[in-house]
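Colleague: Got a minute to go through this one with me? I'd like to hear what stands behind the labels people put on it.

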Amino acid sequence: MAGVGLTVADTTSVIPVAWSGHDAGHVDELMRRPAEVLGEHSVIGKAVRLRKEIVVNRIESEPRVALQERALQQGYGSMIALPLISEDAVIGFWVIYEAQPGFFGTEETRLLSDIAADISFALDYIAKRIPEMQPTYVQMQRLVHTTIQTAFSNAVIEHDPRVRL
């Protein structure tokens, strides 16, 4: 499961904008508990505060995972949280959960960090154009979803030119 949440400056509010994969209510629960998601001791909160990716390759042994029990019940074994940065501010995060413990190695982390940078760049561009575009919430979700798909496709092709999408 993967998702993007935007953060509201100087708060612990989270706005979900794009989610994909099997979550069985996990995303809804995360959004109902933003203080736990972005809290001082959480993995996602740490990624946002430090402005760098945080990898957890064994969710069962990392108590800082927000809703750890629920993540384990969903069958998630590892996760990565990546900040989304616009100009000098963290505007959100991208989190990916994977069933396999130990999934996120050096190469995967680098690739996903590059994609997060591309998403950040695109969101920054969109944000600068919002006054003239005046997108609705649904349109903003579509913009973010398309941005993520494009950034991911480009990064995968760049990473392995044999890939054909």
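Modeller: Sure. Let's start with a cut-off: a polar contact is a pair of N or O atoms within 3.5 Å, where one can donate a hydrogen and the other can accept it. Keep in mind that this is a predicted model.

Colleague: What makes the S42 and G45 pair at the start of α3 a polar contact?

Modeller: A side-chain oxygen of S42 comes within 2.9 Å of the backbone nitrogen of G45. The cut-off is 3.5 Å, so the pair counts as a polar contact. At the other end, α3 is followed by R51, which has a positive phi near 60°.

Colleague: And which residues of α3 are buried, and what covers them?

Modeller: The buried ones are V43, I44, G45, A47 and V48. Their cover includes α2, β3, β4 and β5. Helix α3 itself, residues 43-50, lies across β3, β4 and β5 and runs at about 35° to β4.

Colleague: Why is E62 called buried?

Modeller: Buried means under 20% relative accessible area, and E62 has 17%, so E62 gets the label. E62 sits in the loop between β3 and α4. Leaving out residues up to four places away in sequence, E62 touches V43, V56 and Q68.

Colleague: How do you know that L30 is buried?

Modeller: L30 has 2% relative accessibility against a limit of 20%, so L30 counts as buried. You'll find L30 in helix α1, residues 26-32. With residues up to four places away set aside, L30 touches V37, A66, L67 and Y97.

Colleague: Now the sheet. Why is β2 called an edge strand?

Modeller: Five strands form an open sheet in the order β2-β1-β5-β4-β3, with antiparallel pairing. β2 and β3 are the edge strands, each pairing on one side only. The twist averages 15° from one strand to the next.

Colleague: How do you know that β3 and β4 pair?

Modeller: Pairing takes at least two bridges, and three join β3 to β4, so they pair. The two run antiparallel, and V56 stands opposite M79 in β4.

Colleague: What about β1 and β5: what makes them a pair?

Modeller: They have five bridges, and at least two are needed, so β1 and β5 pair, in the antiparallel sense. L6 has G92 in β5 as its bridge partner.

Colleague: And how many bridges join β4 to β5?

Modeller: Nine, with the strands running antiparallel. P83 stands opposite F93 in β5. β4 and β5 form a hairpin with two residues between them, and E87 in the turn has a positive phi of about 55°.

Colleague: Why is β4 described as largely enclosed?

Modeller: Eight of its nine residues are buried, so β4 is largely enclosed by the rest of the structure.

Colleague: Last one: which residues touch the most other members of the largest nonpolar core?

Modeller: I44, I59, M79, F93 and Y97, out of 25 residues in that core. α1, α2, α3, β3, β4 and β5 each supply at least two residues of this core. Apart from it lies another core, of 17 residues, including I80, W94, L112 and I126.

Colleague: What does I59 touch, then, leaving out residues up to four places away in sequence?

Modeller: V65, Q68, A71, L72, Y76, G77, S78, M79 and Y97.

Terms used. Residues are numbered from 1 along each chain as its sequence is written. This is a predicted model: local features need pLDDT of at least 70, side-chain atom pairs count only at pLDDT 80 or more; totals for chains, interfaces and linings use all residues. Side-chain values use heavy atoms; hydrogens and water are left out. Helices (H or I, at least four residues) and strands (E, at least two) are DSSP runs, numbered from the N terminus. Buried means under 20% relative accessible area, exposed over 50%, partly exposed in between (1.4 Å probe, protein chains only). Contact means heavy atoms within 4.5 Å. Axes are lines fitted to C-alpha atoms, for helices over the stretch in contact, and angles run from 0 to 180 degrees between N-to-C directions. A nonpolar core is a set of buried Ala, Val, Leu, Ile, Met, Phe, Trp, Tyr and Cys residues joined through side-chain atoms within 4.5 Å.
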